[in-house]
Amino acid sequence: MSQQIKKVVIAGGGTSGWCMAMALSQQFGELLDITLIESNEIGTVGVGEATFPTICTFHRMHGIDEKEFLSATAGSIKLGISFENWTRKNDRYIHSFGFIGKSHWLGEFHNYWMAAKSLGYEGQLEDFCFELQAAKHHKFAVTEKPKINYAYHFDASLYARFLRKLSEAKGVKRIEGKISNVKQNLDNGFIESVMMESGENVEGDFFIDCTGFRGLLIEQTLKAGYEDWGHWLRNDSAVALQTDFSGDIPPYTRAIAHGSGWQWKIPLQHRQGTGYVYSSSYITDEDARNTLLDNLDGDIRVELRLLKFNTGRRKKTWVKNCAAIGLAGGFIEPLESTSIHLIQMGVTRLLQLFPFDGCTEAHINHYNEQSRIDYEKIRDFIILHYKATERDDTPYWRDCRDMEIPDSLAHRMELFREAGVVYQDPNEIFPVASWLQVMMGQRIEPKRYNHFPHTMMGKDVMFAELDKLKTNIAEFVETMPSHANFLKTYSPMSWS
Ligand SMILES: Cc1cc2nc3c(=O)[nH]c(=O)nc-3n(C[C@H](O)[C@H](O)[C@H](O)COP(=O)(O)OP(=O)(O)OC[C@H]3O[C@@H](n4cnc5c(N)ncnc54)[C@H](O)[C@@H]3O)c2cc1C
């Protein structure tokens, strides 16, 4: 067990460093002395602009005002992700953050829909999802009845700046410069201080590694180890840039599959972020760059960047008196925008377990186990998008389609295909509606369904109920403002 924790040092000032600093100072600022170190010379990864709905809760927990946040980060609303060309070329489906229809304890709503279809009902499952319909029509409003589920897109560097302001107002000290050395206690290996290139020695009782892929403390110093998932998720590179953007702002991210990976398009109030995520085993960096340049919507504003990564997770994200948050703790490619969610989960868990009276094995083991579960659940969901493809036009897609997958995912896919059953595991962020939308979107057709709807109502009542539900959603969406108009009045960007 270590000593009492008073002085906390956060190494790194990207999204993870400043999320950590903001939350720690908001909640425990009076109890702790918090220092954040960041290097302008090294900079941040500079991408990471689409999020998952848990960010709204995270912001509420820390008293962040939504309008201020959106204005400060040129942010926009995200109701889901439009997947294009994934299962077949020219296919498109939206994975929205909404729920689908109304479920029964005997089974989810798609059983009603399948029962009705078997009786000749026409219409799509997506007609019964409010968020999905709002996304399709580029509409948005903050509504309570029906409650709308959403996340955000934002400018990553403006977000860090926004969080920095909140953190410094709560007493976080910031040191600019490069850490050149890490000093450990000779007896127990705990980190005692980090040495700056300037010669300054920054001491701490607890260290949080937010240094990005390099994992300066957790890996280079404490040798946590890395579990590589590259055999399942083969993308290891990305080229990224920013373009001008004019016209309607869609309230969703676009994920467009190409020959050896996929391209994101993230619309903000003033520009679009875009990038091609690909596997360097199938395409050269130069060809990937050309693919991206051939698929832009506007003029380039910010130069192209090449990023390299290993998909996987640190075997331990807390070792001795150091926890890793963000890319220092692991990385799963951005297909479902889960990295910032993982950062904020890690931050929340660390606050809940904060070792004021010293780090114990119990703290460390619990944190590491929960973190393992978070990463593995997300991993399976991402693999689903690649495995459930019918594309065979390139070696990349053929290999994705033919790969061995984790048993946990194989079981889910088989259960849905054979029995039409979908479920959400405890501790899993993706709800049933997410699994359903992606499995159906990727053309996994259930062969069977639960017949309970047939025992509850006859054909006419069933059709009338479904029509009513569908019409209510369509009529409500009709009354909503466009996403662009919503942003103009609710949270026009205030930065410049
Ligand atoms: C291609 C790509 C697309 C992505 N898209 C998304 C997305 O849409 N949604 C999402 O949720 N996530 C996304 N991510 C992940 C997301 O970018 C990160 O989770 C997020 O930016 C947090 O990064 P970080 O703060 O952990 O690391 P970084 O941004 O790399 O920050 C590291 C910090 O450590 C500092 N540092 C490093 N070494 C030293 C040193 N020696 N001395 C002092 N300081 C040091 C740096 O200066 C910097 O401040 C994406 C990632 C990639 C690669």
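## Checking labels against cut-offs

Tutor: Start with Phe83, whose bridge partner in β14 is Ala255. This is a predicted model, where local features need pLDDT of at least 70 and side-chain atom pairs count only at pLDDT 80 or more, while totals for chains, interfaces and linings use all residues. Residues are numbered from 1 along each chain as its sequence is written, and side-chain values use heavy atoms, with hydrogens and water left out.

Student: Why are β4 and strand β14 said to pair?

Tutor: Pairing takes at least two bridges found by DSSP. β4 (80–84) and β14 (253–258) share 4 bridges in the parallel sense, so the label fits the rule. Strands are DSSP E runs of at least two residues, and helices are H or I runs of at least four, numbered from the N terminus.

Student: What does β4 do with strand β5?

Tutor: β4 and β5 (92–96) pair antiparallel over 5 bridges, with Ile81 opposite His95.

Student: What makes β4 count as mostly covered?

Tutor: 5 of its 5 residues are buried, and buried means under 20% relative accessible area, with exposed over 50% and partly exposed in between (1.4 Å probe, protein chains only).

Student: Which class does Asn85 get, buried or exposed?

Tutor: Asn85 sits in the loop between β4 and β5. Its relative accessible area is 19%, so Asn85 is buried. Asn85 also has a positive phi of about 70°, though not a glycine.

Student: And what makes Lys320 partly exposed?

Tutor: Its relative accessible area is 31%, so Lys320 goes in the partly exposed class. Lys320 lies in the loop between β19 and β20 and has a positive phi of about 50° without being a glycine. Those two strands run antiparallel, joined by 2 bridges, and Trp318 has Ala323 as its partner in β20.

Student: Why are β7 and β19 called edges of their sheet?

Tutor: The open, mixed sheet has 6 strands in the order β7-β2-β1-β11-β20-β19. β7 (173–176) and β19 (318–319) each have a single partner strand, so one side of each lacks a neighbour in the sheet.

Student: How do you know that the length of helix α9 agrees with its residue count?

Tutor: The expected span is 1.5 Å times one less than the number of residues. For the 27 residues of α9 (361–387) that gives 39 Å, and the end C-alpha atoms are 38 Å apart, so they agree. In α9, 19 of the 27 residues are buried.

Student: What makes the link from Thr143 to Pro146 a polar contact?

Tutor: A polar contact is a pair of N or O atoms within 3.5 Å; within protein, one must be able to donate a hydrogen and the other to accept it, and residues adjacent in sequence count only if both atoms are side-chain atoms. The Thr143 side chain reaches the backbone oxygen of Pro146 at 2.6 Å, so the distance passes the cut-off. Thr143 counts as buried because its relative accessibility is 12%. The Lys145 to Pro146 peptide bond is cis, with omega near 0°.

Student: Which backbone atoms pair with oxygen atoms of the ligand?

Tutor: Polar backbone atoms of Thr15 at 3.3 Å, Gly43 at 3.1 Å and Cys210 at 3.4 Å. The protein covers 97% of the 1,000 Å² of accessible area the ligand has on its own.

Student: Which helix gives the most to the shell around the ligand?

Tutor: α8 does, with 3 residues.

Notes: Accessible areas come from the Shrake-Rupley method with a 1.4 Å probe; for residues, only the protein chains shown count as cover.
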